[in-house]
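Reader: I am new to protein structures. Could you show me one and explain the words as we go?

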Amino acid sequence: MVEQTTSGVLQDVIVIHPEAHIDSRGRFQETYRRSWFPLGREMVQGSRSDKIAGSLVGLHYHLHQADYWYIVNGTAQVVLYDLRATSSTYDKLMDLEMGESNPVGVFIPPGVAHGFATLTDITLTYLVDGYYNPSDEHGIRWNDPRLDDIWHLSDPVVSERDQTNPLLADVPSHLLPYGTPRT
């Protein structure tokens with residue numbers, strides 16, 4: 001059995017609590033099933049990201065693509081920020097510890113900015129419902145003042161891209177989510 005819960009903070013974000021089967025050989029968990037997301041689209045691409053402790057990625061967002069994240073190894077703080085002006089949870093922020101200490105998956109709909117800070121070395125696997133499209137790859141600065149210093153790292157390692165993403169106030173309106181959010 002798997003427990004599916006809405007985040008309770010952000011509209012359309014779903015947290016998956018997969019059942020673990022543990023025996024003397026190790027552990028087995030089903031981490032993704034299409035039927036868990038009845039309103040979502042088919043996931044078409046899977047990727048893996050290995051990051052060292054102290055790294056910070058994001059905040060990234062897409063106007064047309066949903067993500068499903070699962071941390072296979074290690075622990076990270078995942079931060080989600082609702083940019084969808086028509087969402088009932090617009091401008092709300094959520095953070096969630098994921099990984100070995102909390103083996104959950106998270107479905108991130110289009111228009112929800114997402115990032116993570118690695119509390120240990122991690123391996124993140126993620127599925128997306130659209131093939132990589134650089135024109136749908138957007139971001140806001142990880143340390144934007146609107147985020148109220150949410151990160152649990154004091155001196156993170158951040159990519160040049162993420163250091164130079166614009167502040168939310170500087171993102172052109174045509175690059176922000178619009179219309180009715182979809183899951």
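Author: What follows is a set of short questions and answers on a predicted model.

Reader: Why is the contact between R84 and D12 called a salt bridge?

Author: A salt bridge needs a side-chain nitrogen of Lys or Arg within 4 Å of a carboxyl oxygen of Asp or Glu. The N to O distance between R84 and D12 is 3.0 Å. That is within 4 Å, so the pair counts as a salt bridge.

Reader: Where in the chain do R84 and D12 lie?

Author: R84 is in the loop between β8 (75–82) and β9 (93–99). D12 is in the loop between β1 (2–6) and β2 (14–18). They are 72 residues apart, and the pair links distant parts of the chain.

Reader: What makes D12, D82 and R84 a network?

Author: R84 takes part in two of the contacts we can name. One is the salt bridge with D12. Another is the salt bridge with D82, where the closest N and O atoms are 2.8 Å apart. Salt bridges thus link D12, D82 and R84 in a network.

Reader: How do you know whether R84 and D82 are buried or exposed?

Author: Buried means under 20% relative accessible area. R84 has 2%, so R84 counts as buried. D82 has 0%, so D82 is buried too.

Reader: What about R146 and D91: why is that pair a salt bridge?

Author: Apply the 4 Å cut-off again. The N to O distance is 2.8 Å, so R146 and D91 meet the rule. R146 lies in the loop between β13 (138–139) and β14 (157–158), and D91 in the loop between β8 and β9. The pair therefore ties together parts 55 residues apart in sequence.

Reader: Why are R146 and D91 called partly exposed?

Author: Partly exposed lies between the 20% and 50% cut-offs. R146 has a relative accessible area of 39%, so R146 fits. D91 has 35%, so D91 fits as well.

Reader: How many salt bridges does a search of the whole structure find?

Author: It finds 9 salt bridges.

Reader: Now the strands. What makes β1 and β5 the edge strands?

Author: The open sheet has 6 strands in the order β1-β2-β10-β7-β12-β5, with antiparallel pairing. β1 and β5 each pair on one side only, and they are the edge strands. Neighbouring strands of this sheet are turned by 20° against each other on average, direction ignored.

Reader: How do you know that β10 pairs with β7 and with β2?

Author: Two strands pair if there are at least two bridges between them. β7 and β10 (residues 105–108) have 4 bridges, so they pair, in the antiparallel sense. β2 and β10 have 3 bridges, so they pair as well, and they run antiparallel. In β10, F107 stands opposite Y68 and also opposite I14. G105 stands opposite Y70.

Reader: Which way do the residues of β10 point?

Author: G105 and F107 point one way, V106 and I108 the other way, and all are buried. In a regular strand, side chains alternate between the two faces of the sheet.

Reader: Last topic: what lines the largest pocket?

Author: The largest pocket has a volume of about 390 Å³. Of its 23 lining residues, the closest to its centre are H60, H62, D67, Y126 and E137. Among the strands, β5 gives the most to the lining, with 4 residues. By class, the lining has 8 nonpolar, 10 polar and 5 charged residues.

Terms used. Residues numbered from 1 in each chain as written. Predicted model: local features only at pLDDT ≥ 70, side-chain atom pairs only at ≥ 80, totals over all residues. Heavy atoms only, no water. 1 Å grid on protein atoms, 1.4 Å probe; cavity = no way out; pocket = protein on both sides within 12 Å on 5 of 7 lines; lining within 4 Å. Points joined across faces, edges and corners; volume = space filled by probe spheres on them. Helix = DSSP H or I, 4+ residues; strand = E, 2+ residues; numbered from the N terminus. Nonpolar A, V, L, I, M, F, W, Y, C, P; charged D, E, K, R; others polar. Buried < 20%, exposed > 50% of the residue type's maximum accessible area, 1.4 Å probe, protein only. Axes fitted to C-alpha atoms, helices over the stretch in contact; angles between N-to-C directions.
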